[in-house]
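Welcome! Here is a short guided tour of a protein structure for anyone seeing it for the first time. Please keep the picture at hand while you read.

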Amino acid sequence: GDSVAMNKLRKLIDAASALLDAGLIEPSGRFLNFNENPDQVAPHFKERLRQGNGGAEFVMVPGSLSDTGEDIVLTQGDLRELQLAKGAINAGLMILLKEAGITVDELDRVLLAGAFGNYVRRESALGIGLLPEIAPEKIIAIGNAAGDGARMALASRSIRERALQLTKKVMHMELSTRPDFQEFFVDALPFRKMI
């Protein structure tokens with residue numbers, strides 16, 4: 001279900017953040033080439049990077065320690081998919097800030113709703129540049145915001161009226177047709193730590 005998928009996403013973001021922090025992933029999203037940088041990484045990490053069927057991969061858990069008996073690996077393809085997703089999310093956030101006429105520094109808080117907010121660690125999200133550079137304590141997971149809001153609207157006439165008024169203020173923005181989306185997207189692709 002959703003919880004299994006979100007748990008996998010969390011592990012992927014956590015792993016990428018840790019490997020970036022350890023210097024094993026370059027900002028470009030590629031695994032560090034140990035042959036070109038022999039003194040840059042501890043020897044025990046070098047043994048875990050290998051060439052797999054789809055290119056470079058990093059052994060996160062050797063088969064001898066996994067439940068299935070098979071190596072659990074993070075592939076170059078996994079990193080690329082994460083990089084594209086984080087680029088799109090970050091670009092969307094930057095466009096929202098631009099449209100609101102505010103900067104990241106002016107944000108009081110960032111609310112992460114739904115399963116994403118419940119599963120993804122804010123430090124890891126900042127660790128790969130998924131979220132804009134903001135203090136971790138300003139990032140708050142609020143759970144099932146849609147469900148909570150629906151319950152509140154059912155229980156309170158004033159909240160229901162406020163919700164109806166808010167619907168009149170909501171704007172739809174088609175990001176894919178905006179010329180600045182591509183600029184923000186490309187700028188957000190490199191892995192970079194925000195904390």
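Helices here are DSSP runs of H or I with at least four residues, numbered from the N terminus. With that in mind, D78 has its place in helix α3. Please note that this is a predicted model.

**The whole chain**

Let us step back to the full view. The protein chain has eight helices and five strands. Following the sequence, these elements come in the order α-α-β-β-β-α-β-α-α-β-α-α-α. The C-alpha atoms fill a box of roughly 65 × 40 × 30 Å along the principal axes. What share of the 195 residues counts as buried? The share is 32%. Contacts can also be sorted by how far apart the partners sit in the sequence. Among those between residues at least 6 apart, 65% join residues at least 24 apart.

**The helix α1**

A good place to begin a closer look is α1, which covers residues 2–21. Its 20 residues should span 28 Å at 1.5 Å a residue, and because its end C-alpha atoms are 28 Å apart, the expected and modelled lengths agree. After α1 comes G23, which has a positive phi, near 85°.

Which residues of α1 are buried? They are I13, D14, A15, A16, S17, L19 and L20. The buried residues of this helix pack against β2, β3, α3 (76–100) and α5 (122–127).

S17 is worth a stop, as a residue that lies in α1. Its relative accessible area is 8%, and since buried means under 20%, S17 counts as buried. Leaving aside residues up to four places away in sequence, S17 touches E123, S124, G127, I128 and K193.

**Three strands side by side**

Next come the strands. β1 (residues 49–52) runs antiparallel to β2, and four bridges join the two. Between them lie two residues, and together β1 and β2 form a hairpin. β2 also pairs with β3, again in the antiparallel sense and over four bridges. Individual partners can be picked out: Q51 stands opposite A56 in β2, while R50 has E57 of β2 as its bridge partner. On the other side of the pairing list, F58 stands opposite L74 in β3. As a general point, side chains in a regular strand alternate between the two faces of the sheet.

**The largest pocket**

Now look for empty space. Rolling a probe the size of a water molecule over the atoms shows where such space is left. The largest pocket has a volume of about 370 Å³. Its lining is made up of K8, K11, L12, A15, M60, V61, I72, V73, L74 and D78. The elements that give two or more residues to this lining are α1, β2 (55–61) and β3 (72–75). Which element gives the most? That is α1, with four residues. By type, the lining holds seven nonpolar residues, three charged ones and no polar ones.

D78 is one of the residues that line this pocket. Not counting residues up to four places away in sequence, D78 touches L12 and V73. L12 and V73 also belong to the pocket lining.

**Comparing a few residues**

Is D78 buried, partly exposed or exposed? With a relative accessible area of 28%, D78 is partly exposed. N33, which lies in the loop between α1 and α2 (43–46), is partly exposed as well, at 29%. The table sets these two beside S17.

| Residue | Relative accessible area | State |
|---|---|---|
| S17 | 8% | buried |
| D78 | 28% | partly exposed |
| N33 | 29% | partly exposed |

Distances through space add another view. D78 and A16 are 62 residues apart along the chain, and their C-alpha atoms are separated by 9.6 Å. N33 and G143 are 110 residues apart along the chain, with 40 Å between their C-alpha atoms.

**Looking back**

To finish, return to α1 in the picture. This helix gives four residues to the lining of the largest pocket, and its buried residues pack against β2 and β3, among others. β2 itself is joined by bridges to β1 and pairs with β3.

Methods:
Residues are numbered from 1 along each chain as its sequence is written. This is a predicted model: local features need pLDDT of at least 70, side-chain atom pairs count only at pLDDT 80 or more; totals for chains, interfaces and linings use all residues. Side-chain values use heavy atoms; hydrogens and water are left out. On a 1 Å grid over the protein atoms alone, a cavity is a set of points where a 1.4 Å probe fits but cannot get out, and a pocket is an open set with protein on both sides within 12 Å along at least five of seven lines; lining residues have an atom within 4 Å of a point. Grid points are joined across faces, edges and corners, and a volume is the space filled by probe spheres set on the points. Ala, Val, Leu, Ile, Met, Phe, Trp, Tyr, Cys and Pro count as nonpolar, Asp, Glu, Lys and Arg as charged, and the others, Gly among them, as polar. Two strands pair if DSSP finds at least two bridges between them. The expected span of a helix is 1.5 Å times one less than its number of residues. Buried means under 20% relative accessible area, exposed over 50%, partly exposed in between (1.4 Å probe, protein chains only). Contact means heavy atoms within 4.5 Å.
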